[in-house]
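Reader: I have the sequence and the model open side by side. Could you pick one part, take me through it closely, and then show me what else is worth a look?

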Amino acid sequence: MSVEAREARQPWILLSPALGAVTLLLFVPLAFILVYSFWLRTATGADQVGFYLENWREALSDAFYRDILINTLKIAAITTIVCALMGYPAAYFIARSKGNKAILLLLLMLPFWISYIIRTMSWINILGVSGAFNSALMTLGVISEPIQMLYNETTVILGLVHFLLPFMVLNVFVSLEGIDTNLEDAANSLGATKWQSFLQVTLPLSLPGLAAGGLLCFVLGAGTYITPIVLGGPTDAMFANLVFEAIITQLNWPLGSALSLMLLAVLGTLVLIYNRYLGMAQLMKGLG
Amino acid sequence: MSAVTLTDIVKRFGDFTAVHRMSLEIPEGSFLTLLGPSGCGKTTTLRMVAGLLDPTEGEIQIKGKHVTNVPIHKRNLGIVFQNYALFPHKTVADNVAFGLRYRDVSAEEAKRRVNEALELVQLPNVGDRYPKQLSGGQQQRIALARAIVIEPDVLLLDEPLSALDANLREDMRVELKRIQHRIGVTTIFVTHDQSEALAMSDQIVVMSDGRVEQVGPPEEVYNTPSSEFVANFLGASNILPATAGQASGDTLPIEVGGFGSIAIPRDRAPALNGSGKARLVVRAEKLLLTRPGDAPAGSISVDGTVETVDYQGQAVRYFVRVGDTQLQAINMIDGRPFNEGDSVAVSLRPRDCAALPEGT
């Protein structure tokens, strides 16, 4: 075998375990789901094999699904904006701090050591009827009866922000770290105030990180079903809850498949748009 | 009036003193170089003038105005950074125009001045490109254009040539000096490279360990070093223990082991007060090796043996043994260089020597 051929093969040899796993665990199940989505669930509860468009017709035409999809995207968007507003200053602070950067980053990563479900449930101990916040207010005499603060859209967003903020901070941090601090000094020396040089130099140069963090927050937020279950009320279902409901509760795999592909298509389009304009490389930087 | 005045500047970082009580006056329009090894405090000093660092003690004046409490963006300085620090997301023209946005300059005027600045650095046609599309040398010129387009009171250059490769560096050296001369801006240049300092400066400030070792024009600093540090840092020097005698007229006799008494000009030993222990400084290129007996008339000559030959093309650096000391001589090649082991005459002219007090 020629040297060129050997060199050309080498990356594929190294990639093959990962490619094998991704194919087996992601693409094959996805293909099943695609096939399922064209089957039909009959009144008897059995799935009828074939090529039926009923599930897709229902998923695409029913206003119920549409409204929940829109609401899901709205919640994801609000979460992303809140994460950006809260995460950017934090990332800036870490990137510009001297010496203790490693400790700050470790603190940022610390929540990842605890299960996301546990972290979500911890809000019940804080905001619940007998939670810390209510107890404190009652002890202080501000209120006489505990207030129900949980189980609404706001607490769903709160839970999502809690879950997703580190992703935003990390992504913005990485892009800020890559910016030469001389650039701000240069801008200042040319007459820009600190704020002007931030707007003119640092912010534009960190936008790729902000966009990468935003994409991650949005996609993960829009795909969540645990947060609405734990922290949402009966009317706060998000789109992934519908999929869960269809497949786990109603055992209607064909409809659940069509719904999940619908969500995948919406979020996939978003990723494609992102990739078109910013490229996936930025996202990988933030994750690594 | 001096363009920049530093008065008793001290900079401490915790327990570490980066700059010890430094005072300096930089005349309007002059080119001053802060020269020294890394960690000598030269960049710290520059950053204090720039306003990027606050002095722990002392006063800085620019054009007669106290600026110690004036933030950097109000100081009207042009800074050129070692790594260029061009804004990667802006075109070359936008980079150069950046400082004009914050000054009362109309769009038309700004455009004209940007074009002028690009002409001055000899890159008139790159305004639409992005910094990444330019070579390192070109980026450095753009950084210079960006710094001078705002007509700064002082131009600060922080090792601007050290990221360039050797040939380009020498071209840029000439270019930088030409531009500075043409616009007449007071310039502070920071470098660790003695040849840059000697070639470009009106005044050199040699620094070491946060202290000023010597201030003077290049010839003076080079020919009459005021300390062993300066003698060693600028070029290769031989420093020999000596004893100074009593001055008579314009000359001062210096007794050096092996060479006997050398009558050096009085003005080549300004730091020497009276007789006593001293150091004789002879530049390596002022020490001439010849065949035994061929030493030129009027010079003092001793016998030596060549130990090491370091061939450099147009010149050769010899390490030559004289008695129990090793001397360094850099000679232009005339015919064939000497070989290791050759017996030679090592000669020097008294007027090429300088003397220092001991322990400086």
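**A helix of chain B and its surroundings**

Author: Gladly! In chain B, the centres of domain 1 and domain 2, taken over C-alpha atoms, are separated by 38 Å. The assignment places domain 1 of chain B at 2–223 and domain 2 of chain B at 238–357. Please keep in mind that this is a predicted model.

For the close look, let's take helix H5 of chain B, residues 166–183. H5(B) has 18 residues, and from its first C-alpha to its last it reaches 26 Å, close to the 26 Å expected at 1.5 Å a residue. Which residues of H5(B) are buried? They are Leu176(B), Ile179(B) and Gln180(B). These residues lie on the same side of H5(B), because they cover an arc of only 95° around the axis.

Turn the helix around, and the face away from that buried side carries exposed residues: Asn167(B), Asp171(B), Val174(B), Arg178(B), His181(B) and Arg182(B). Back on the buried side, the cover over the buried residues of H5(B) includes two strands of chain B, S3 (31–35) and S8 (186–191). Helices of chain B also belong to that cover, including H3 (107–120), H4 (136–148) and H6 (194–200). If you follow the chain on from H5(B), you come to Gly184(B), which has a positive phi, near 65°.

Now for some strands elsewhere in chain B. Strand S11 (residues 237–244) of chain B runs antiparallel to strand S14 (residues 276–283) of chain B, and eight bridges join them. One pair to look for is Thr243(B), whose bridge partner in S14(B) is Lys277(B). S11(B) is also joined by three bridges to strand S12 (residues 251–256) of chain B, again in an antiparallel arrangement. Here Ala242(B) has Val256(B) in S12(B) as its bridge partner. S11(B) and S12(B) form a hairpin with six residues between them, and Gly249(B) in the turn has a positive phi of about 65°.

Finally, look at where the two chains meet. Chain B gives 16 residues to the contact and chain A gives 15 residues. On the chain B side, the elements that give two or more residues are strand S6 (77–80) and helix H2 (92–101) of chain B. The residues of this side divide into 11 nonpolar, four polar and one charged.

As for the partner, chain A has 13 helices and two strands. Its C-alpha trace spans about 80 × 75 × 35 Å along the principal axes, and 34% of the 288 residues of chain A count as buried.

Methods: Residues numbered from 1 in each chain as written. Chains lettered and ligands numbered in written order. Predicted model: local features only at pLDDT ≥ 70, side-chain atom pairs only at ≥ 80, totals over all residues. Contact = placed C-beta atoms within 7 Å. Helix = DSSP H or I, 4+ residues; strand = E, 2+ residues; numbered from the N terminus. Nonpolar A, V, L, I, M, F, W, Y, C, P; charged D, E, K, R; others polar. Domains from an automatic or database assignment. Buried ≥ 20, exposed ≤ 12 C-beta atoms within 10 Å, placed from the backbone. Expected span 1.5 Å × (residues − 1). Arc of directions from axis to C-beta. Pairing = 2+ DSSP bridges.
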